[in-house]
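This report describes selected features of one protein model for a reader who is new to structural biology. Please examine the sequence and the structure before reading on.

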Amino acid sequence: MAITDILSAKDIESALSSCQADDSFNYKSFFSMVGLSSKTPDQIKKVFGILDQDKSGFIEEEELQLFLKNFSSSARVLTSAETKAFLAAGDTDGDGKIGVEEFQSLVKA
């Protein structure tokens, strides 16, 4: 499954262009711009499955750093500060990674 099966390519392009500069990524505005915030829990779960590159059931810090590349191979890598802030926002149980329920809560936050 491709991410564009769930999200519009045009919305993805707009969202990526809004955070091209280092340290300009904001997960809340990104989720809103790509239209993820308005998707069903099942659709959000499918996007989680795409982002979970190693299929461990979690999005770890390394996968978060490459988050934008899941939307476009030409997108930048998140900075260390952006990655840590994103992880801190999503990791509600403190295990150092984001599970599917945590991701769904983060998207709807």
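UniProt positions are given here in the numbering used in this report, with shortened feature names, and such annotations may be inferred rather than shown by experiment. The model is predicted, so local features need a pLDDT of at least 70 and side-chain atom pairs count only at pLDDT 80 or more, whereas totals for chains, interfaces and linings use all residues. Residues are numbered from 1 along each chain as its sequence is written, and side-chain values use heavy atoms, with hydrogens and water left out.

**The annotated binding site**

An unreviewed UniProt entry places the feature "binding site" at Asp 52, Asp 54, Ser 56, Phe 58 and Glu 63. Helices (H or I, at least four residues) and strands (E, at least two) are DSSP runs, numbered from the N terminus. Asp 54 is found in the loop between α3 and β1, and Ser 56 is located in the loop between α3 and β1. Phe 58 belongs to strand β1.

Accessibility is described in three classes: buried means under 20% relative accessible area, exposed over 50%, and partly exposed in between (1.4 Å probe, protein chains only). Asp 54 is partly exposed because its relative accessibility is 48%. Ser 56, at 36%, is partly exposed, and Phe 58, at 27%, is partly exposed.

Contact means heavy atoms within 4.5 Å. Leaving aside residues up to four places away in sequence, Asp 54 touches Glu 60 and Glu 63. With that exclusion, Phe 58 touches Phe 48, Asp 52, Glu 63, Asp 95, Lys 97, Ile 98 and Gly 99.

A polar contact is a pair of N or O atoms within 3.5 Å; within protein, one must be able to donate a hydrogen and the other to accept it, and residues adjacent in sequence count only if both atoms are side-chain atoms. The side chains of Asp 54 and Ser 56 form such a contact at 3.0 Å.

**Three further loop residues**

The table lists the accessibility of residues located in loops.

| Residue | Loop | Relative accessible area |
|---|---|---|
| Asp 23 | between α1 (9-17) and α2 | 52%, exposed |
| Lys 55 | between α3 and β1 | 59%, exposed |
| Asn 70 | between α4 (61-65) and α5 | 16%, buried |

Asp 23 is not a glycine, and its phi is positive, near 65°. Lys 55, also not a glycine, has a positive phi of about 55°. The side chain of Asn 70 reaches the backbone oxygen of Leu 66 at 3.4 Å. Beyond residues up to four places away in sequence, Asn 70 touches Ile 3, Ile 50, Leu 51 and Gln 53.

**Helix α6 and its surroundings**

Which residues of helix α6 (residues 100-108) are buried? They are Val 100, Glu 102, Phe 103, Gln 104, Leu 106 and Val 107. Their cover includes α2 (27-33), α3 (41-51), β1 (58-60), α5 (80-90) and β2 (97-99).

Two packed helices are described by the angle between their axes and the distance between the axes. Axes are lines fitted to C-alpha atoms, for helices over the stretch in contact, and angles run from 0 to 180 degrees between N-to-C directions. The axes of α3 and α6 come within 10 Å and cross at roughly 115°. In this contact, Pro 41, Ile 44, Lys 45, Val 47, Phe 48 and Leu 51 of α3 meet Val 100, Phe 103, Gln 104, Val 107 and Lys 108 of α6.
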